[in-house]
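Reader: Please set out the packing, helix faces and surface openings of the structure below, with the cut-offs stated.

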Amino acid sequence: MGITLLHISDPHITDDPTSVQRLRAVLDLPLARQPDAIVATGDITDHGRAQEYEAFAKAMAAQQPWLAVPGNHDDPDTLRAVLRQDRCPVLDVGAVRVIGLDVTVPGHNHGFLRDDTATEAVARADGARHVVLALHQPPIATGHAVIDTMLLTNREALAELVRRIPGVVAILCGHIHTPLASSLAGTPVLCAPGVASTLALDPDRQPIVITDSLPGMALHRIDDDGAVTTTFHQAQ
């Protein structure tokens, strides 16, 4: 029968109630499109404060099973403590195992996949039929001059991780606040649009994001054979 993942990213929760409202908007899906689980790929908060994570957790309390990984705006230790997430969190949904990767680099916007993280991910994938890897910074250049300075800097390490884990069907990312579909090591790389804002097309625009756009999300349908179909949406 397959499963459906709701993929959200970059809610940037703050003390401003609008940030939580935008998050709730992407969670409020029609009954006919309800997912089996939710994956949040980073920048859960804007400042990494405990109260921001508490607001996120409250919004997620009535939702399906979910998993969250940190982004460059997050404090990974605070995220894990408040949201009760492991360093390499795992979420089993039907025949799919989602594994979260912390690729944050303290004080920097780019990401880096560390050897110990990759090793732990391999161990966590043991016995899974289909695997989805979830991280914040994508390994794919976008053509946007600003965004492309803050991607995953060792994409070959991620490609090697894909080769080490049998059955990886998708790599889910965020960070760039715009939909992206590409591939790495023969595996789909899929970025969700931003909840908090949308990346402007013009890299010279200041600021580079549009804050009055509708919050976005992605739905990933993963069939029993591992085929992935992704649709991108805006909250209504």
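The questions and answers that follow treat the core, two helices, a buried arginine, a loop residue and a pocket.

Author: This is a predicted model, in which local features need pLDDT of at least 70, side-chain atom pairs count only at pLDDT 80 or more, and totals for chains, interfaces and linings use all residues. Residues are numbered from 1 along each chain as its sequence is written, and side-chain values use heavy atoms, with hydrogens and water left out.

Reader: Which element gives the most residues to the largest nonpolar core?

Author: A nonpolar core is a set of buried Ala, Val, Leu, Ile, Met, Phe, Trp, Tyr and Cys residues joined through side-chain atoms within 4.5 Å; buried means under 20% relative accessible area, exposed over 50%, and partly exposed in between, with a 1.4 Å probe and protein chains only. The largest such core has 32 residues, and Leu101, Val131, Leu133, Leu135, Leu158, Leu161 and Ile171 have the most contacts inside it. Helices (H or I, at least four residues) and strands (E, at least two) are DSSP runs numbered from the N terminus, and those giving two or more residues to this core are α4, β6, α5, β7, β8 and β9. With four residues, the element that gives the most is α5.

Reader: Why do the buried residues of α2 count as lying on the same side, and what arc do they cover?

Author: In α2 (residues 50-60), the buried residues are Glu52, Tyr53, Phe56, Ala59 and Met60. The elements that cover them include α1, β2, β3 and α3. The arc is taken from the directions from the helix axis to the C-beta atoms. These residues are on the same side of α2 because they cover an arc of only 120 degrees.

Reader: Which residue caps the N-terminal end of α3?

Author: Pro76, Leu79, Arg80 and Leu83 are buried in α3, and their arc of only 95 degrees puts them on the same side of the helix. They pack against α2 and β3, while Asp77 and Ala81 are exposed on the other side. At the N-terminal end, a side-chain oxygen lies 3.2 Å from the backbone nitrogen of Asp77, and the capping residue is Asp75.

Reader: Is Arg97 buried or exposed, and at what relative accessibility?

Author: Arg97 is found in strand β5 (residues 96-100). A polar contact is a pair of N or O atoms within 3.5 Å; within protein, one must be able to donate a hydrogen and the other to accept it, and residues adjacent in sequence count only if both atoms are side-chain atoms. The side chain of Arg97 reaches the backbone oxygen of Arg124 at 2.8 Å and has a polar atom 2.9 Å from the backbone oxygen of Asp126. Arg97 counts as buried because its relative accessibility is 15%.

Reader: What is the relative accessibility of Leu214?

Author: Leu214 is placed in the loop between β11 and β12. Leaving aside neighbours within four places in sequence, Leu214 is in contact (heavy atoms within 4.5 Å) with Arg22, Thr198, Gln234 and Ala235. Leu214 counts as partly exposed because its relative accessibility is 42%.

Reader: What is the volume of the largest pocket?

Author: On a 1 Å grid over the protein atoms alone, a pocket is an open set of points where a 1.4 Å probe fits, with protein on both sides within 12 Å along at least five of seven lines, and lining residues have an atom within 4 Å of a point. Of the 24 lining residues, His12, Asp46, His177, Ser197 and Val209 are the closest to the centre of the largest pocket. Grid points are joined across faces, edges and corners, and a volume is the space filled by probe spheres set on the points. For the largest pocket, the volume is about 390 Å³.
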